[in-house]
Amino acid sequence: MSQTIIGEPLPNIPWEDKPADCREAVWRYSQNPIIKRNPGPQAARVFNSAVVPYKGQFVGVFRADTRKVRPQLFYGESTDALNWTLEDEPIKWQDESGKPVKNGYAYDPRLLKVEDTYYIIWCDDFPGPSIGMGKTRDFKTFIKMENPLMPFNRNGVLFPRKVNGMYALLSRPSDSGHTPFGDIIISYSPDMTFWGKHRLVMQSGGGWWQGTKIGAGPAPIETSQGWLLFYHGVITTCNGYVYSMGAALLDLNDPTKVLLRTSDYLATPEEDYETVGFVPNVFFPCATLVDALTGRIAIYYGAADTVTAVAFCQVDELLAFLKENSEI
């Protein structure tokens with residue numbers, strides 16, 4: 001059988017086989033949540049965070065809401081990508097010249113390797129929510145780059161390689177509050193500094209679970225059939241927002257072309273740690289680990305804005321579900 005995921009093998013990917021009684025394309029880790037409340041002296045709640053393989057083990061950039069209820073980004077390490085040790089202090093940023101840079105707040109990071117550099121993208125205080133971008137090569141020195149886009153904006157997600165010779169960035173233009181709207185936009189750059197050629201990728205709507213707003217989740221996964229994008233969709237209920245997870249398949253050469261898009265959600269808040277917490281009813285994916293050889297995918301998500309959890313899927317089974325349950 002040909003390899004579906006275009007990428008590197010990850011033989012030590014965290015994994016748990018699908019339960020025999022599970023009928024879904026995505027299933028949860030039985031030991032969730034993997035990061036619970038108060039994991040460090042400053043971190044009261046850790047969620048909506050991102051991880052990558054690094055030197056045979058794993059590292060991550062984690063959203064931690066402090067005891068001031070103010071979010072900052074913390075660096076963490078793990079040997080198995082399930083048991084994490086976070087540093088006690090937030091990441092210390094510097095500019096290109098080495099001068100210290102302070103963030104008013106920082107939350108919902110994405111993390112990925114593009115060429116020889118690891119990039120972190122998060123919601124930054126511009127002032128007001130906007131896309132922040134930084135980079136590191138060793139996870140010791142963290143350089144804050146220029147903000148790629150104007151406020152107000154959230155859910156910045158880089159592609160793992162250039163598309164037609166240009167870097168590509170997904171985002172969701174928003175307002176300064178808890179935005180009651182939102183579509184996914186793509187922007188292009190020749191140099192990671194100047195961004196333009198903004199184009200619409202996907203709009204909210206379709207099934208009611210994604211009727212209020214949508215936003216890109218982890219970095220798109222390159223497959224032989226297209227870019228596999230996990231995303232969150234939000235519905236406004238009489239009791240507030242509910243965040244669920246869906247997936248789409250984008251054209252490899254033109255990601256504004258949506259080939260497939262889930263009509264039904266892949267996962268929605270159901271477990272106690274997803275339905276009860278600081279913000280109830282949130283399933284918010286931010287990162288994946290991928291083994292290209294086996295097609296295994298581990299999905300890292302924030303649950304109820306309180307804890308960090310993991311779910312699993314297999315790429316061929318997921319793509320089959322997408323084809324059978326696409327609204328396109």
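The accessible surface of the protein, in this predicted model, amounts to about 14,100 Å², and carbon and sulfur atoms hold 50% of that area. Of the 328 residues, 58% count as buried. The C-alpha trace spans about 50 × 45 × 40 Å along its principal axes. A compact globule with 328 residues would have a radius of gyration near 20 Å, and the 18 Å found for the protein agrees with this. Among contacts with a separation of 6 or more, 54% are made by residues 24 or more positions apart. The secondary structure consists of 2 helices and 23 strands.

**Strand β4 and its partners**

Strand β4 covers residues 71-78, and 7 of its 8 residues are buried, so the strand is largely enclosed by the rest of the structure. Strand β4 pairs with strand β3, residues 57-66, in the antiparallel sense, and 8 bridges join the two. Within this pairing, R63 has L73 of β4 as its bridge partner. The hairpin of β3 and β4 has 4 residues between the strands, and V69 takes a positive phi near 60 degrees there.

Strand β4 also pairs with β5, residues 85-86, again antiparallel, over 2 bridges. In this pairing G76 stands opposite L86 of β5. The hairpin of β4 and β5 has 6 residues between the strands, and in this hairpin A81 takes a positive phi near 70 degrees.

In a regular strand the side chains alternate between the two faces of the sheet.

**An open sheet of six strands**

Another part of the structure is an open sheet of 6 strands in the order β7-β6-β11-β10-β9-β8, with mixed pairing. Its edge strands are β7 (100-101) and β8 (106-114), each of which pairs on one side only. Strand β6, residues 93-94, runs antiparallel to β7 and is joined to it by 2 bridges. Here Q94 stands opposite P100 of β7.

Strand β10 of this sheet comprises residues 129-136 and contains S130. Which residues are in contact with S130, leaving aside its neighbours within four places in sequence? They are W122, C123, D124, L149, M150, P151 and N153.

**Accessibility of selected residues**

Three residues illustrate how accessibility is assigned in the model. S130 counts as buried because its relative accessible area of 0% is under the 20% limit. D272 counts as exposed because its value of 60% is over 50%. V279, at 31%, is partly exposed.

| Residue | Relative accessible area | Class |
|---|---|---|
| S130 | 0% | buried |
| V279 | 31% | partly exposed |
| D272 | 60% | exposed |

**Helix α1 and the surface patch**

D272 lies in helix α1, which comprises residues 272-275. The C-alpha atom of D272 is separated by 17 Å from that of N48, and these two residues are 224 residues apart along the chain. V279 is placed in the loop between α1 and β21 (283-291).

Which residues make the nonpolar surface patch of about 250 Å²? The patch is made by V69, F278 and V279. V69 thus has a place in two parts of this description: V69 belongs to the surface patch, and V69 takes the positive phi in the hairpin of β3 and β4. The patch therefore brings together V69 and the partly exposed V279.

Terms used:
Residues numbered from 1 in each chain as written. Predicted model: local features only at pLDDT ≥ 70, side-chain atom pairs only at ≥ 80, totals over all residues. Heavy atoms only, no water. Buried < 20%, exposed > 50% of the residue type's maximum accessible area, 1.4 Å probe, protein only. Pairing = 2+ DSSP bridges. Patch = residues over 30% accessible without salt bridge, like charges linked within 9 Å, V, L, I, M, F, W, Y side chains within 5 Å. Areas by Shrake-Rupley, 256 points an atom, 1.4 Å probe, with all protein chains shown as cover. Salt bridge = Lys/Arg side-chain N within 4 Å of Asp/Glu carboxyl O. Rg over C-alpha atoms; globule rule 2.2 N^0.38 Å. Contact = heavy atoms within 4.5 Å.
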